[in-house]
Amino acid sequence: MIAPAMPLFPTTIAGSLPKPAWLAEPDRLWAPWRLDGGELEAGKGDATLLALKLQEDAGIDVVTDGEQSRQHFVHGFLEFVDGIDFAHKVEIGIRADRYKAMVPTVTSALRLKGRVHGREARLARAHTTRKLKFTLPGPMTIVDTIADQHYGDRVKMAFAFADLLNAEARALAADGVDVIQFDEPAFNVYMREVADWGIEALHRASAGLPCTTAVHICYGYGIKANIDWKATLGGEWRQYEAIFPALAGSRIDQVSVECRNSRVPMHLLKLLAGKEVQVGVIDVASDEVETPEQVAAVIAEAAKYLDKDRIIAGTNCGMAPMRRDVALGKLTALGQGAALARKTLG
């Protein structure tokens, strides 16, 4: 299936959309499922098709499955890995103790049980002619979102996960996925480790992929713990300054970053010269729906520091815990704002 040619400032989302209320409890991260058994599997498929249609209707150029089959962007992968105990979750601090979470524990050597996202990837590929992006958690973010009673070494465990991610990523590419994006919000927390081993773990996860590769690095979902953390970062958020040089020298094709309503100095985007950049033009930490003019203004600001043909308009982060009506309004604003930017900047 051949995807149409990309326009200037193509649009995409970070990955997730809110799930329908009949599938999972709304407005909540780690939302419990409201179906089970065969009904749950059918419901996930129906929600995936709905997510595709909503993106297409909004004018999104590179669509995703909306992560409709996953309860959480990390644990949705971990559920398909042997060597992890989900029955006895423990509470740990994640993202340098920014907030607490109940997580499973690695208890033995890791091994994939089989395909992780093959069903939803093939379903999505069969029902859209647009470019298809699929998201996977990055190795550093995985090891920051799980307890360990086996490896005893954070880096060793990250590379073990990277091998599993690579196996699934290669299979996704064979399913017809055009872009595989690794989500690494932990890169904004453990900046020194990014250069020390985080980039190499990403390279292990993306090795040999024939499709476009991307890494998503943001300041987190629009949940209270992240909003409170942002309030402590001062007038300028400069985490990107520490990690962009390493990313610019990496083998990853695209970098997805947070820009809208953030205190990230936009001139830092110059540090990503040579990369395609998914510029976050939609704020996921606010229920205020952007206007097309506001979206176009962020694109115009990014164009001062990046080549226009390397700018992709996206969302700051996933929209999984957002009110559904707000998310749909923001989707529409994203599509209309990029169209406006093409007229004014093209």
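In this predicted model, strand 6 and strand 7 run parallel and are joined by five bridges. Across this pair, Asp183 stands opposite His216, the latter being a residue of strand 7. Both strands belong to an open sheet of seven strands, whose order is 1-4-6-7-8-9-10 and whose pairing is parallel. The edges of this sheet are formed by strand 1 (62-63) and strand 10 (311-315), each of which has a single partner strand, so that one side of each is left without a neighbour in the sheet.

Within the seven-stranded sheet, strand 8 (residues 254-258) contains Val257. Because its relative accessible area is 0%, and buried means under 20%, Val257 is buried. When neighbours within four places in sequence are left aside, the residues in contact with Val257 are Ile217, Tyr240, Phe244, Leu269, Leu272, Val277, Gln278, Val279, Gly280 and Asn316. Val257 is separated from His203 by 54 residues in sequence, and the two C-alpha atoms lie 19 Å apart in space.

His203 itself is one of the buried residues of helix 6, a group that also comprises Val194, Trp197, Gly198, Ile199, Ala201, Leu202, Ala205 and Ser206. The cover over these buried residues includes helix 4 (139-143), helix 5 (154-174), strand 6 (179-183), strand 7 (212-217) and helix 8 (239-248). Helix 6, which spans residues 191-206, is bent by about 50° at Trp197, and Trp197 is itself among the buried residues of this helix. Just after helix 6, Gly208 adopts a positive phi of about 75°.

A second open sheet consists of three strands in the order 2-3-5, and its pairing is mixed. Its edge strands are strand 2 (81-94) and strand 5 (147-148), each pairing on one side only. Strand 3 (residues 99-112) and strand 5 run parallel and are joined by two bridges, and Thr105 stands opposite Ala147 of strand 5. Helix 5 packs on this sheet, where it touches strand 2, strand 3 and strand 5, and its direction makes about 75° with that of strand 3.

Helix 5 also lies across strand 4 (131-137) and strand 6, running at about 170° to strand 4. Strand 4 and strand 6 are members of the seven-stranded sheet, whereas the strands named above as touched by helix 5 belong to the three-stranded sheet; helix 5 is thus described in relation to both sheets. Glu168 is placed in helix 5, and its relative accessibility of 1% is the reason why Glu168 counts as buried. Apart from residues up to four places away in sequence, Glu168 touches Phe77, Leu112, Arg115, Val116, His117, Gly118 and Leu136.

Finally, a contact between two helices may be considered. The axes of helix 1 (residues 37-57) and helix 10 (residues 324-345) come within 9 Å and cross at roughly 40°. Helix 1 and helix 10 are therefore oblique to each other, since an angle under 35 degrees would be needed for the two to count as roughly parallel. On the side of helix 1, the contact involves Leu50, Leu54 and Gln55, which meet Arg324, Leu328 and Leu331 of helix 10. By character, the residues of this contact divide into four nonpolar, one polar and one charged.

Methods. Residues numbered from 1 in each chain as written. Predicted model: local features only at pLDDT ≥ 70, side-chain atom pairs only at ≥ 80, totals over all residues. Heavy atoms only, no water. Axes fitted to C-alpha atoms, helices over the stretch in contact; angles between N-to-C directions. Helix = DSSP H or I, 4+ residues; strand = E, 2+ residues; numbered from the N terminus. Parallel < 35°, antiparallel > 145°, perpendicular 65-115°, else oblique. Contact = heavy atoms within 4.5 Å. Nonpolar A, V, L, I, M, F, W, Y, C, P; charged D, E, K, R; others polar. Bend = angle between axes of the 7 residues up to and from the residue. Buried < 20%, exposed > 50% of the residue type's maximum accessible area, 1.4 Å probe, protein only. Pairing = 2+ DSSP bridges.
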